[in-house]
Amino acid sequence: MHSFPNLLKQLHKIEFDYEDGKGIDFEPYENFLSEKETNKWLKAWTGNSEVKGDSLLVFGQDGTGGYAAFWLINKEQDILKQPIVFLGSEGEIGVVANNFDDYLWLLAQKHGPFEAIYYPENSKKVNQAFLDFAKKCSKSEYREVLEIIKDAKNTHPDFETWIESLIR
């Protein structure tokens with residue numbers, strides 16, 4: 001069982017305001033989805049009764065039920081240094097950010113996991129609360145949304161292939 005990182009707890013105390021479609025479509029969790037629930041969901045999502053979700057730590061969802069998760073590609077590495085991925089309710093998949101630090105800069109630009117996959121090119125205004133949190137807590141430098149997403153996809157091109165290989 002993985003403990004919910006303190007920085008993620010702090011982040012999830014900030015309001016994720018949908019703003020009638022102009023904000024961030026994200027419902028943060030207070031704990032990771034249990035391994036049992038993750039396995040159940042991933043089996044249903046992929047149609048594969050043999051799949052295990054032990055390399056995904058789900059930490060929130062969008063309004064349609066798509067999940068945001070840390071993809072544990074290196075079990076020895078800190079959770080916050082793992083890539084963040086999104087699996088949409090309609091089958092959309094993608095790497096959102098290389099790590100938690102980059103994810104904070106996405107949020108500062110009003111892009112949650114859903115927006116990063118569906119509308120990466122949309123330039124939105126800054127969310128001041130998330131920007132302040134990113135300035136205080138991120139160890140990476142500010143970058144534009146498209147640059148963060150492109151870098152994440154280039155660094156982890158095998159995520160989509162891996163997920164697609166699980167689908168039956």
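Here are three short exercises on this predicted model, each with a worked solution. Residues are numbered from 1 along each chain as its sequence is written. Local features need pLDDT of at least 70, side-chain atom pairs count only at pLDDT 80 or more, totals for chains, interfaces and linings use all residues, and side-chain values use heavy atoms, leaving out hydrogens and water.

**Exercise 1.** Find out whether Thr-38 is buried or exposed.

*Solution.* Start with the helix: Thr-38 belongs to H2, residues 35–46 (helices, H or I, have at least four residues and strands, E, at least two; both are DSSP runs numbered from the N terminus). Next, check the area: the relative accessible area of Thr-38 is 1%, so Thr-38 is buried (under 20%; exposed is over 50%, partly exposed in between, with a 1.4 Å probe and protein chains only).

**Exercise 2.** Work out which strands stand at the edges of the sheet.

*Solution.* First, write down the order: this open sheet of five strands runs E1-E2-E3-E4-E5, with antiparallel pairing (strands pair if DSSP finds at least two bridges between them). Now look at the ends: E1 (27–28) and E5 (93–97) each have a single partner strand, so one side of each has no neighbour in the sheet.

**Exercise 3.** Describe how E4 is joined to E5.

*Solution.* Begin by counting: four bridges link E4 (residues 84–87) to E5, and the two run antiparallel. Then pick out a pair: Ile-84 sits opposite Ala-97 of E5.
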